[in-house]
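Let's take a look at the salt bridges in this model, and then at one of its helices. Here is the structure to follow along with.

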Amino acid sequence: MNDLRQNVTRRDVLARGVRWAALGALVSRFEPLLASPNSRWFKIGACEWNLGRRDPSSLEVAKEIGLDGVQVDMGSADSDLPLRKPEVQKAYLAMAEKTGVEIASVALAATNVVPLKSDPRAAQWLMDGIDVCKALGRQIIMPACFANGDLDMAKTAEIDHLVGVLKEAAAKAEKLSIIIGLESYLSAEDNLRILERVGSPALKVYYDVGNSTDKGRDVLKEIPLLGKEICEFHFKDAGHRLGQGRIDFRKVRDALDKIGYSGWIQLEAAAPNGVKRDYADYYKFLRTIYPERG
C-alpha cells in the first residue's frame, strides 16, 4: 500500500510540474528556496516560544545564545495576535537592527487552538499573517495544524474546507511573493495531495523532522519525496538532545543535499539543561554539519 501511494504521488508531482512549466517567472520570485549549489546557505535560528519569550526580547535571548535568527509568532487568540499591530512589528524590526539577529520567518501557532480546517477566524488570521510577513520583510508564514487543528485526510469535509482556505490565501500570497508553509502531522504523500489540490507555488510544506519521526515515518525518505515543496525546517528529537537521540542529523544533511535545500533551520528542541546552554550546544553541533554555505 505504501509503495502504491508513493507511486501515485510521484505521478501527481510530475504532472503538476508540467502544468506549472509556464509559471517559471512566478516561481523564480521565490528564491532562495530554489538556490543553485554554489549559492546554497544554512542559517540556524530558534522558535521564540522555545526561547521563553513571545515578544521582541526573544531576539536578545537569541543573540546571547549565538543564533542567527528567530522564528517569531503572531501571538495567541487571547492576546488578539499582537504581531498584526504595526507598532509591534516596528518593535521587532528595531530589535532586529539593534541585536543583528534576523527575523527568520513568522509562525501562526494560534491555529493549533482555532483550527484552520473549520474556523473562519483562522482563515482571516492567515490572510493577516501574509501582510505581517510583507511588513517584516519575511517570506514565510507557517500556520500550525496540531491539537484542535490536527488534520485527518479521512475527514473530507474538513480537508475540503482547508483546501478552500489555502487556495484563497495562496492567491494573495503569490501576489506578494510570500510562501505559506503548512505544518502538520500529515505524511509526505498526504501533504502532496493537499498541495496538488491547491495548485499554487505559494503553498509549501514546513517540515519538522521530530514530528515525522514521532509518527514513525522515515524522514530520510520523506524529505527527498517532498523535495522543493519544503520551505523550511524545524529540528527537534522528542525529549532527546540533538545528536543523542533517534535522528541522525548527518544523514538528514544528506537528504537536504539531495533536494538542494537552502535556507533556515529552526531549533524547537528539548533543553533539559536550560535553553541558553543547550541551544548554544545545538548551534555548535549543527554548524559542524550545516555550514553557513552549502
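Glu158 is partly exposed, at 24% relative accessibility, while its salt-bridge partner, Lys117, is buried at 11%. (Buried means under 20% relative accessible area, exposed over 50%, and partly exposed in between, with a 1.4 Å probe and protein chains only.) Their side chains meet at 3.5 Å, N to O. Glu158 sits in helix 6 (residues 156–176) and Lys117 in the loop between strand 3 (102–108) and helix 5, so the pair links distant parts of the chain, 41 residues apart. Helices (H or I, at least four residues) and strands (E, at least two) are DSSP runs, numbered from the N terminus.

A word on the ground rules: this is a predicted model, where local features need pLDDT of at least 70 and side-chain atom pairs count only at pLDDT 80 or more, while totals for chains, interfaces and linings use all residues. Residues are numbered from 1 along each chain as its sequence is written, and side-chain values use heavy atoms, with hydrogens and water left out.

How many salt bridges turn up in the whole structure? The search finds 22, counting a side-chain nitrogen of Lys or Arg within 4 Å of a carboxyl oxygen of Asp or Glu. Here are two more of them, with the accessibility of each partner.

| Salt bridge (N to O) | Arg partner | Asp partner |
|---|---|---|
| Arg84–Asp128, 2.8 Å | Arg84, 26%, partly exposed | Asp128, 16%, buried |
| Arg246–Asp214, 2.9 Å | Arg246, 39%, partly exposed | Asp214, 41%, partly exposed |

Both of these link distant parts of the chain too. Arg84 lies in the loop between strand 2 (69–73) and helix 4 (86–99), and Asp128 in helix 5 (residues 120–136), 44 residues apart. Arg246 is in the loop between strand 7 (230–235) and helix 10 (249–259), with Asp214 in helix 8 (residues 209–214), 32 residues apart. Elsewhere, Arg40, Arg253 and Asp257 are joined into one network by salt bridges that share partners.

Now for helix 9 (residues 219–226). Which of its residues are buried? They are Val219, Glu222, Ile223, Leu225 and Leu226. Looking down the helix axis, these buried residues fall within an arc of 165° (taken from the directions from the axis to the C-beta atoms), so they line one face of helix 9. As background, an α-helix has 3.6 residues a turn, so residues three or four places apart point the same way.

At the start of helix 9, Asp218 brings a side-chain oxygen to within 3.0 Å of the backbone nitrogen of Leu220. After the helix comes Gly227, with a positive phi near 55°.

Definitions and conventions:
Polar contact = N/O pair within 3.5 Å; in protein donor to acceptor, adjacent residues only side chain to side chain.
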